[in-house]
Amino acid sequence: MKKVIVVPYDKAWKTEFDKIKEELLNVLNSHMISIEHVGSTSVEGLAAKPIIDIDIIIKDYNSFESIKSKLASIDYFYEGDLGIKDRQVFKYEEKPNLMRHHLYVCPEYSEELKRHIAFRDYLRMNQKDRDWYGEVKLLAAKYYAEDIDGYMKAKKPCGAEILRRCGL
């Protein structure tokens with residue numbers, strides 16, 4: 001059973017993202033377009049589960065096998081798309097030098113990537129909705145501390161409304 005933990009924003013998350021990004025850039029440099037900090041930890045002031053979400057953006061799947069090989073060289077293993085089109089998931093066993101994180105590889109035309117960026121950018125510019133979403137997440141974590149599915153279901157309407165406000 002996964003314990004659901006949501007905490008107030010931590011300024012250290014940006015530094016932790018930079019550490020992960022540096023490790024990734026050391027092996028990927030010319031094989032991708034950019035590395036984006038997405039998800040709630042990327043929005044200053046937003047409560048979040050203390051797990052950094054990262055999207056590696058590639059032009060298209062022509063470079064994917066090379067990316068997969070480069071990531072394997074630093075102990076990431078490929079999990080597939082896990083049911084989300086154009087978002088490839090990579091996991092790791094242990095990286096004690098880095099904060100816990102989720103790693104995705106997306107082609108630049110990925111709809112999921114567009115959602116991640118739009119959601120992040122909208123919340124960065126809209127304090128009222130950012131605070132509302134943070135409160136919903138904190139309450140959901142309180143009521144569903146032992147139930148990740150209940151937590152996800154409880155915050156979904158708020159997230160859907162924010163996506164609607166983003167035009168998605």
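Me: Where does arginine 87 lie?

Reply: Happy to start there. This is a predicted model, and in it arginine 87 sits in the loop that runs between strand 3 (76-80) and strand 4.

Me: Which side chain of opposite charge is nearest to arginine 87, and how far away is that partner?

Reply: The general idea is to compare the distance with the salt-bridge cut-off of 4 Å between a side-chain nitrogen and a carboxyl oxygen. For arginine 87 the nearest candidate is glutamate 112, at 4.5 Å, and arginine 87 has no salt bridge although it is buried.

Me: What does arginine 87 touch, leaving out residues up to four places away in sequence?

Reply: Its contacts include Tyr61, Gly80, Asp81 and Leu82. Tyr104, Val105, Cys106, Glu112 and His116 are also touched by arginine 87.

Me: Aspartate 55 is another buried residue with a charge. Which side chain of opposite charge is nearest to aspartate 55?

Reply: That is arginine 87, 6.8 Å away, and aspartate 55 has no salt bridge. Aspartate 55 itself is part of strand 2 (residues 52-58).

Me: With which side chain does aspartate 55 make a polar contact?

Reply: With that of histidine 116, at 2.6 Å. Histidine 116 also appears among the residues that aspartate 55 touches, together with Ser34, Ile35, Glu36, Val38, Tyr104, Cys106 and Leu113, once residues up to four places away in sequence are set aside.

Me: Now for the charged pairs that do meet. How many salt bridges does a search of the whole structure find?

Reply: The search gives 15. One of them joins arginine 120 to glutamate 36, with the closest N and O atoms 2.8 Å apart. Arginine 120 belongs to helix 3 and glutamate 36 to strand 1, so this pair ties together parts that are 84 residues apart in sequence.

Me: Are arginine 120 and glutamate 36 buried or exposed?

Reply: Here you read the relative accessible area, where buried means under 20% and exposed means over 50%. Arginine 120 has 8%, so it is buried. Glutamate 36 has 22%, so it is partly exposed.

Me: Which salt bridge lies within helix 3?

Reply: Look at lysine 114 and glutamate 111, whose side chains meet at 3.5 Å, N to O. Both residues are in helix 3, three residues apart, which is about one turn of the helix. Lysine 114 is partly exposed at 40%, and glutamate 111 is partly exposed at 46%.

Me: Which residues are linked in a network of salt bridges?

Reply: Asp129, Glu161, Arg164 and Arg165 form that network.

Me: Let's turn to the backbone. What sign does phi usually have?

Reply: Most residues other than glycine have a negative phi. Aspartate 75 is worth a look here, with a positive phi of about 70° although it is not a glycine. Aspartate 75 is placed in the loop between helix 2 (64-72) and strand 3, and it is exposed, with a relative accessible area of 55%.

Me: What is the phi of aspartate 86?

Reply: It is positive too, about 60°, and aspartate 86 is not a glycine either. Aspartate 86 is in the loop between strand 3 and strand 4, and its 14% relative accessibility makes it buried. Aspartate 86 also forms a salt bridge with lysine 85, the closest N and O atoms being 3.2 Å apart. Lysine 85 counts as exposed, at 64% relative accessibility.

Me: Where does glutamate 44 lie, and what is it in contact with?

Reply: Glutamate 44 is in the loop between strand 1 (34-38) and strand 2. Setting aside neighbours within four places in sequence, its contacts are Tyr9 and Arg130. Glutamate 44 is exposed, at 59% relative accessibility. The C-alpha atoms of glutamate 44 and aspartate 10 are separated by 8.1 Å, while the two residues are 34 apart along the chain.

Me: Finally, what volume does the largest pocket have, and which residues are closest to its centre?

Reply: Its volume is about 1500 Å³. Of the 42 residues that line the largest pocket, Lys49, Asp53, Tyr104, Met152 and Lys155 are closest to its centre.

Me: Which element supplies the largest share of the lining of the largest pocket?

Reply: Helix 5 does, with nine residues. Elements that supply at least two lining residues each include strand 4 (88-92), strand 5 (101-107), helix 3 (111-125) and helix 4 (127-143).

Technical notes: Residues are numbered from 1 along each chain as its sequence is written. This is a predicted model: local features need pLDDT of at least 70, side-chain atom pairs count only at pLDDT 80 or more; totals for chains, interfaces and linings use all residues. Side-chain values use heavy atoms; hydrogens and water are left out. Helices (H or I, at least four residues) and strands (E, at least two) are DSSP runs, numbered from the N terminus. Buried means under 20% relative accessible area, exposed over 50%, partly exposed in between (1.4 Å probe, protein chains only). Lys and Arg count as positive and Asp and Glu as negative; His and the chain ends are not counted. A polar contact is a pair of N or O atoms within 3.5 Å; within protein, one must be able to donate a hydrogen and the other to accept it, and residues adjacent in sequence count only if both atoms are side-chain atoms. Contact means heavy atoms within 4.5 Å. On a 1 Å grid over the protein atoms alone, a cavity is a set of points where a 1.4 Å probe fits but cannot get out, and a pocket is an open set with protein on both sides within 12 Å along at least five of seven lines; lining residues have an atom within 4 Å of a point. Grid points are joined across faces, edges and corners, and a volume is the space filled by probe spheres set on the points.
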